[in-house]
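Work through these short exercises with the structure in view. Try each task before you read its solution.

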Amino acid sequence: MNKEAHQLKDVLGSRGLKNTRERDTILRELEARKGHFNAEKLFSVLNRKGAKVSRPTIYRTLKLLEKYHLIDRLDIKQNCFYYEPKYQKKDHGHLICEKCGKIIDFPSESFNTLKSEIGKDKNFKLDNISIQVFGVCRSCRKASRSKN
Ligand SMILES: [Zn+2]
Ligand SMILES: [Zn+2]
């Protein structure tokens with residue numbers, strides 16, 4: 001098990017949360033995930049692997065990790081949430097396709113400038129910037145073009 005999963009476990013442990021076997025399985029799977037995922041996907045991946053983890057446990061665990069800021073939640077549309085581990089990435093924005101729901105990361109060097117500028121202007125200490133841009137991705141545009 002690598003450092004990240006230890007971190008997740010350690011943080012939860014330090015809050016006095018016992019790691020159950022089910023939660024362990026979820027943390028291990030999260031460690032292997034690089035991109036964005038949702039609870040249902042996690043559930044089906046784990047089940048395909050033969051792990052016995054219930055849906056409610058997954059939802060509970062994700063909520064917990066979110067509460068301790070170990071994962072970020074992206075609200076794609078109403079009642080559709082995606083998550084991504086926080087420790088793997090720097091500040092970045094998200095391009096979200098309104099047709100297929102694809103999420104594309106875009107890193108931005110200007111986030112730091114943005115932080116200090118907005119911070120100075122409003123006298124506000126910014127920790128995180130989350131930018132979500134909605135639109136239509138390239139393959140969806142291509143698909144709609146070929147239909148016409
Ligand atoms: Zn698309
Ligand atoms: Zn992302």
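**Exercise 1.** Which residues does C137 touch, not counting residues up to four places away in sequence?

*Solution.* Start with the rule: two residues are in contact if their C-beta atoms, placed from the backbone, lie within 7 Å. By that rule, C137 touches C97, C100 and K102. Now check one partner. K102 is 35 residues from C137 along the chain, and their C-alpha atoms are separated by 7.6 Å.

This is a predicted model: local features need pLDDT of at least 70, side-chain atom pairs count only at pLDDT 80 or more, and totals for chains, interfaces and linings use all residues. Residues are numbered from 1 along each chain as its sequence is written, and chains are lettered from A and ligands numbered from 1 in the order in which they are written.

**Exercise 2.** Place C137 in the fold, then classify its exposure.

*Solution.* First, the place. C137 sits in the loop between β5 (132-135) and α6 (138-147). Helices (H or I, at least four residues) and strands (E, at least two) are DSSP runs, numbered from the N terminus. Next, the cut-offs. A residue is buried if 20 or more other C-beta atoms lie within 10 Å of its own, exposed if 12 or fewer, and partly exposed in between; C-beta atoms are placed from the backbone. C137 is partly exposed because it has 18 C-beta neighbours inside 10 Å.

**Exercise 3.** Is H69 buried or exposed?

*Solution.* Find H69 in the loop between α4 (55-67) and β1 (71-77). Count next: 11 other C-beta atoms lie within 10 Å, so H69 is exposed. Finally, the backbone. H69 is not a glycine, yet its phi is positive, about 60°.
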